[in-house]
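Me: I would like to go through a structure with you, one topic at a time. Could we begin once it is on display?

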Amino acid sequence: VSVTVESQFDGVVYITRQCGAPDAEVACNDDAGGTTRSQVQATLDPGQYFAVVDGYREQAGTFDVIVSVAEAPSVTAVCSDAPQLPI
């Protein structure tokens with residue numbers, strides 16, 4: 001999954017399994033190419049997740065969120081292209 005946030009303020013985006021539970025955070029990004037853009041890319045286990053947009057200190061404002069999801073390749077597919085290592 002990829003979550004990109006373009007904001008009018010210094011924002012941060014994070015993915016969590018449960019809102020309000022700091023230990024449930026899966027991935028986080030504060031600045032991706034500037035303080036008004038944040039992006040998280042993560043491979044997630046099946047389940048329910050939340051994308052949270054927050055502001056630095058008391059900053060707030062409008063923002064756009066772009067979410068894209070792709071099916072992860074199977075282990076067999078990934079390993080079939082791996083080169084054999086010599087012993």
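The exchange below takes up pockets, cysteines and several individual residues.

Me: What kind of model is this, and how are residues numbered?
Reply: This is a predicted model, in which local features need pLDDT of at least 70 and side-chain atom pairs count only at pLDDT 80 or more, while totals for chains, interfaces and linings use all residues. Residues are numbered from 1 along each chain as its sequence is written, and side-chain values use heavy atoms, with hydrogens and water left out.

Me: How much space lies in the largest pocket?
Reply: The largest pocket holds about 350 Å³ of space. Of the 17 residues that line it, Val1, Ala42, Leu44, Val69 and Ala70 are the closest to its centre. A pocket here is an open set of points on a 1 Å grid over the protein atoms alone, where a 1.4 Å probe fits, with protein on both sides within 12 Å along at least five of seven lines; lining residues have an atom within 4 Å of a point. The volume is the space filled by probe spheres set on the points, which are joined across faces, edges and corners.

Me: How do the residues of that lining divide?
Reply: The lining has 13 nonpolar, 2 polar and 2 charged residues. Ala, Val, Leu, Ile, Met, Phe, Trp, Tyr, Cys and Pro count as nonpolar, Asp, Glu, Lys and Arg as charged, and the others, Gly among them, as polar.

Me: Changing topic: how many disulfides does the structure hold?
Reply: The structure holds 0 disulfides, a disulfide being a pair of cysteine sulfur atoms within 2.5 Å.

Me: Why is there no bond for cysteine 28?
Reply: The closest cysteine sulfur, in cysteine 19, is 14 Å from the sulfur of cysteine 28, which is too far for a bond. Cysteine 28 is partly exposed, at 44% relative accessible area, and cysteine 79 also counts as partly exposed, at 49%. The classes are buried under 20% relative accessible area, exposed over 50% and partly exposed in between (1.4 Å probe, protein chains only).

Me: And asparagine 29, buried or exposed?
Reply: Asparagine 29 is buried, with a relative accessible area of 18%. It lies in strand β3, residues 25–29; strands are DSSP runs (E, at least two residues) numbered from the N terminus.

Me: What does asparagine 29 touch?
Reply: Not counting residues up to four places away in sequence, asparagine 29 touches Val12, Val13, Arg37, Ser38, Gln39 and Val40, where contact means heavy atoms within 4.5 Å. Its side chain also reaches the backbone nitrogen of glutamine 39 at 3.0 Å.

Me: Where is tyrosine 49, please?
Reply: Tyrosine 49 is in the loop between β4 (37–41) and β5. Its side chain makes a polar contact of 2.7 Å with the side chain of arginine 17 and reaches the backbone oxygen of aspartate 45 at 2.7 Å. A polar contact is a pair of N or O atoms within 3.5 Å; within protein, one must be able to donate a hydrogen and the other to accept it, and residues adjacent in sequence count only if both atoms are side-chain atoms.

Me: Which strand holds valine 53?
Reply: Valine 53 is in strand β5, residues 50–55, and is partly exposed at 26% relative accessible area. Its C-alpha is 6.7 Å from that of tyrosine 14, although the two are 39 residues apart in sequence.

Me: One last point: what is the phi of arginine 57?
Reply: Arginine 57 has a positive phi of about 50° although it is not a glycine. Most residues other than glycine have a negative phi. Arginine 57 sits in the loop between β5 and β6 (63–68) and is exposed, with a relative accessible area of 68%.

Definitions and conventions:
Helix = DSSP H or I, 4+ residues; strand = E, 2+ residues; numbered from the N terminus.
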